[in-house]
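The following exercises are to be worked with the sequence and the coordinates at hand. Each task is followed by a solution in steps.

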Amino acid sequence: MHIPKINVSFDYEKRVKDKPMKIKKSHAVSLRKARFIAGAILILIIVYCTFSVIQARAIAVKNRSLRENVTTLTKRLDEASAGSTSYNPVVGQYLSDFLTAYYTVDKSQTSDRDSKLRGFFAKNLNFSSSNRNNVDMVLKRTKLNGIFTVDGIKTGQFDLTVNENGQDKELTVNVPYQQNNEKLTVVGYPYIAEQINSVGQVGAARFAKNGKSLTNPDTVKHIQQFTEQFVNKYLSSSQKEMSLLMSDPQGLDGSAILDSLNDSDVNVSGTETHPKVDVKFTVKAKDSDIVQEQFIHLELKKQDNTYFVTKLVQA
């Protein structure tokens, strides 16, 4: 019997085992594509930031507009109340109590008076000792003429009768104050003033706050000399006589005389052509030894070798 010969090749398995396996290549991001993605993200960030800035600016503009509206409304309310003679019992009683303390002087108890007055005055007000008045006096009568605004500050005007050494003296004074509900504070010294005149034009531009002090000593000295001359003229002259020195003439026409004015109490700022002056001085009421401490703000305009007063504000 013939058995066929079978040839078996073992090389196939070897070839299969030796054949390298193909590994799938991962999808690599090209440098160009990466740059494109990064650029797109950066553009989105810039657009978002720009949008945020625009939104913030719009909000800021809106807030500024709202503040201006509030300021305008406040100014209109002040203007509406200017010259009002309506009586406010709280304000009237408070200011009457203050004036009673201010114009009642007992030379033997000045410290008690000073302590009482500091309760009425604002804390940052440089209240000087009351020993300037060296006469005994008593406030006999107060009459509220009106409540109005001076340079944005509420002010009460009173006619007073003060008994000084047995003689009655008549005064008209303004008292600047601030109010928060039922709480009140006197924010400036009471000062001798003209009686309210309801006839006239209403409304005037508010003065800008003082800038840096002038440093030229010659200019400062010149302005201080002018200020002292002006204050003397303001106290002694009539409104008509002051028209040569002021755009809005004011004058006390001899109802008070200058008691003291020091160069150190004359603060000069602004520019050499348009200086601003804050000056503190003391006066005596006419035919009296009653001493008043007063403060005024002047805005000047240089004219040749002198100055012209464009604005005067009592404080």
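**Exercise 1. Asn 163 in its surroundings**

Determine whether Asn 163 is buried or exposed, and describe its surroundings.

Solution. The structure is a predicted model. Step 1: the relative accessible area of Asn 163 is 18%. Buried means under 20%, so Asn 163 counts as buried. Step 2: in terms of secondary structure, Asn 163 belongs to strand 2. Step 3: when neighbours within four places in sequence are left aside, Asn 163 is in contact with Asp 136, Met 137, Val 138, Lys 140 and Asp 168. Step 4: Leu 139 is 24 residues from Asn 163 along the chain, and the two C-alpha atoms are separated by 6.2 Å.

**Exercise 2. Asn 145 in strand 1**

Assign Asn 145 to its element, and decide from its relative accessible area whether it is buried or exposed.

Solution. Step 1: Asn 145 is located in strand 1, which comprises residues 137-150. Step 2: its relative accessible area is 14%. With the limit for buried residues set at under 20%, Asn 145 is therefore buried. Step 3: Thr 172 is 27 residues from Asn 145 in sequence, while the C-alpha to C-alpha distance between them is 9.2 Å.

**Exercise 3. Two residues with positive phi**

Examine the phi values of Asn 165 and Asp 253, and place each residue in the fold.

Solution. Step 1: most residues other than glycine have a negative phi. Step 2: Asn 165 has a phi near 50°, a positive value in a residue other than glycine. Asp 253 is likewise not glycine and has a positive phi, near 55°. Step 3: Asn 165 lies in the loop that runs between strand 2 (153-164) and strand 3 (167-180). The loop that holds Asp 253 lies between helix 5 and strand 6 (256-260). Step 4: a residue counts as exposed at over 50% relative accessible area. Asn 165 has 52% and is thus exposed; Asp 253, with 51%, is exposed as well.

**Exercise 4. An intermediate case**

Classify Asn 216 by its accessibility, and locate it.

Solution. Step 1: Asn 216 is found in the loop between strand 5 (191-192) and helix 5 (217-236). Step 2: its relative accessibility is 31%. Because partly exposed covers the range between the limits of 20% and 50%, Asn 216 counts as partly exposed. Step 3: Glu 272 is 56 residues away from Asn 216 in sequence, and their C-alpha atoms are 8.8 Å apart in space.

**Exercise 5. The packing of helix 3 and helix 4**

Describe how helix 3 and helix 4 pack, and which residues make the contact.

Solution. Step 1: two packed helices are described by the angle between their axes and the distance between the axes. Step 2: helix 3 (residues 89-102) and helix 4 (residues 110-120) pack at an angle of about 155°, and their axes are 9 Å apart. Since an angle over 145 degrees counts as roughly antiparallel, helix 3 is roughly antiparallel to helix 4. Step 3: their crossing is left-handed. Step 4: helix 3 contributes Tyr 94, Asp 97, Phe 98, Ala 101 and Tyr 102 to the contact, and helix 4 contributes Arg 113, Lys 116, Leu 117 and Phe 120. Step 5: sorted by class, the contact has 6 nonpolar, no polar and 3 charged residues.

**Exercise 6. The annotated span and the whole protein**

State the conformation of residues 34-54, and then summarise the protein.

Solution. Step 1: an unreviewed UniProt entry annotates residues 34-54 as "transmembrane region". Step 2: in the model this span is 100% helix and 0% strand, and its end C-alpha atoms lie 30 Å apart. Step 3: the protein has 5 helices and 10 strands. Of its 315 residues, 35% count as buried. Step 4: among contacts between residues at least 6 apart in sequence, 55% join residues at least 24 apart.

Key
Residues numbered from 1 in each chain as written. Predicted model: local features only at pLDDT ≥ 70, side-chain atom pairs only at ≥ 80, totals over all residues. Heavy atoms only, no water. UniProt positions renumbered as here; feature names shortened; annotations may be inferred. Helix = DSSP H or I, 4+ residues; strand = E, 2+ residues; numbered from the N terminus. Axes fitted to C-alpha atoms, helices over the stretch in contact; angles between N-to-C directions. Parallel < 35°, antiparallel > 145°, perpendicular 65-115°, else oblique. Left-handed = near helix turned anticlockwise from the far one by under 90°. Contact = heavy atoms within 4.5 Å. Nonpolar A, V, L, I, M, F, W, Y, C, P; charged D, E, K, R; others polar. Buried < 20%, exposed > 50% of the residue type's maximum accessible area, 1.4 Å probe, protein only.
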